[in-house]
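Welcome! Take a moment to turn the model around on your screen, and then let us walk through it together.

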Amino acid sequence: SPVANTRFSIGSPAIDAALGGGLARGALHEVFAEGMAHEPAAAAFAILLALRASGAKPIIWVRQDFVGLEMGEIYAPGLAELGLSPDRLIMVRARDGPSVLRAGEEAARCPPLGAVLIEPWGNPKTLDLVATRRLALAAARSNLPVLMVRAGGTPTPSAAASRWSVRSAPSRQMEADAPGH
C-alpha cells in the first residue's frame, strides 16, 4: 500500500527543495568520503540521515569487520552526541562484503525498522549493479531508506537514487584559541 510521506527532510530547506521535498524514503542512497581522513564524517552524515528518516523507529547498521579495523570501532559517546540512543540501534557485524549485502537486503525487507545503514569495505566484487538493484527494490517494497556508506570505496555504476560525497569541515576556534567542536 502506498505511504503518504515518500520523502524525508534532510534538514536543509534549500537542499530539500532541490530534491523535490527531501530524499526518497524507499530508496538506496550511497555516501562516499572524499578521502580516508573523511570516512568518519561520511559515516556521521549517513547516521544523521538515518535519524532524520526513522522517527522513533529502530535503525539497523550492518558493518563489515574490516571497516572497524581500518577506520576504528564505533564510538558510543559520539553516536549519543549525534542523537542516536543505543536502545534504537541494532548492530550487525559481517565478515565480508557479500555478507554485508545479504544482511542489508534482509534488513531492508523489514518495514518496522526506521532505516537501514550498511557499510561494506572498498569495492567488493559482489557490489555491482545487480546487487544495488536488489537493495533498491527491497527498500522500495518496504518504504525504508537504505544508506550505504562506501568506506574505502570508489563510485561504480549503481541503482542508488542519490550519491553523496562528504568531507569534514574545519572546526571554528572557541574563546582563548581553544580547539572547536
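A residue is called buried when its relative accessible area is under 20%, exposed when it is over 50%, and partly exposed in between, with a 1.4 Å probe and protein chains only. By that rule, buried residues make up 43% of the 181 residues in the chain. Please keep in mind that this is a predicted model, in which local features need pLDDT of at least 70, side-chain atom pairs count only at pLDDT 80 or more, and totals for chains, interfaces and linings use all residues. Residues are numbered from 1 along each chain as its sequence is written, and side-chain values use heavy atoms, with hydrogens and water left out.

**The overall fold**

Helices and strands here are DSSP runs (H or I of at least four residues for helices, E of at least two for strands), numbered from the N terminus. The chain has six helices and eight strands. Followed along the sequence, they come in the order β-α-β-β-α-β-α-α-β-α-β-α-β-β. The chain is as compact as a globular protein of 181 residues, because its radius of gyration is 16 Å, close to the 16 Å from the globule rule. That radius is taken over C-alpha atoms, and the rule is 2.2 Å times the number of residues to the power 0.38.

Along the principal axes, the C-alpha atoms fill a box of roughly 55 × 35 × 30 Å. The accessible surface of the chain comes to about 9,500 Å², and 58% of this belongs to carbon and sulfur atoms; such areas come from the Shrake-Rupley method with a 1.4 Å probe, and for residues only the protein chains shown count as cover. A contact means heavy atoms within 4.5 Å. Of the contacts in the chain with a separation of 6 or more, 77% are between residues 24 or more positions apart.

**The pocket and the cavity**

Both kinds of space are found on a 1 Å grid over the protein atoms alone: a cavity is a set of points where a 1.4 Å probe fits but cannot get out, while a pocket is an open set with protein on both sides within 12 Å along at least five of seven lines, and lining residues have an atom within 4 Å of a point. Grid points are joined across faces, edges and corners, and a volume is the space filled by probe spheres set on the points.

The largest pocket has a volume of about 380 Å³. Its lining has 18 residues, of which Pro40, Ala43, Ala44, Ile47 and Tyr75 lie nearest the centre. At least two lining residues come from each of α2 (39-54), β4 (59-64) and α4 (76-82), and α2 gives the largest share, with five. Sorted by class, this lining has 11 nonpolar, two polar and five charged residues. Here Ala, Val, Leu, Ile, Met, Phe, Trp, Tyr, Cys and Pro count as nonpolar, Asp, Glu, Lys and Arg as charged, and the others, Gly among them, as polar.

The structure also holds one cavity of 30 Å³ or more, and the largest cavity has about 30 Å³ of space. Ile47, Ala50, Ile59, Trp61, Leu84, Leu89 and Leu117 line this cavity. In its lining there are seven nonpolar, no polar and no charged residues, and α2 and β4 each supply at least two of them.

**A few residues to find**

The table sets out five residues by place and relative accessible area.

| Residue | Place | Relative accessible area |
|---|---|---|
| Ala27 | loop between β2 (23-24) and β3 (28-33) | 9%, buried |
| Ser54 | helix α2 | 5%, buried |
| Asn143 | loop between α6 (129-142) and β7 (146-149) | 17%, buried |
| Arg167 | segment after β8 (162-166) | 54%, exposed |
| Pro170 | segment after β8 | 73%, exposed |

Which residues does Ala27 contact, leaving aside its neighbours within four places in sequence? They are Ala139, Leu144, Pro145, Val146 and Ala161. Ala27 and Leu144 are 117 residues apart in sequence, and their C-alpha atoms are 6.8 Å apart in space.

Ser54 touches Ile59, Arg88, Gly114 and Ala115, not counting residues up to four places away in sequence. Asn143 has a positive phi of about 60°, although it is not a glycine.

Arg167 is in contact with Glu34, His38 and Ala41, again leaving aside neighbours within four places in sequence. From Arg167 to Glu119, 48 residues apart in sequence, the C-alpha to C-alpha distance is 17 Å. Finally, look for Pro170 and Val100: these residues are 70 residues apart along the chain, and their C-alpha atoms are separated by 32 Å.
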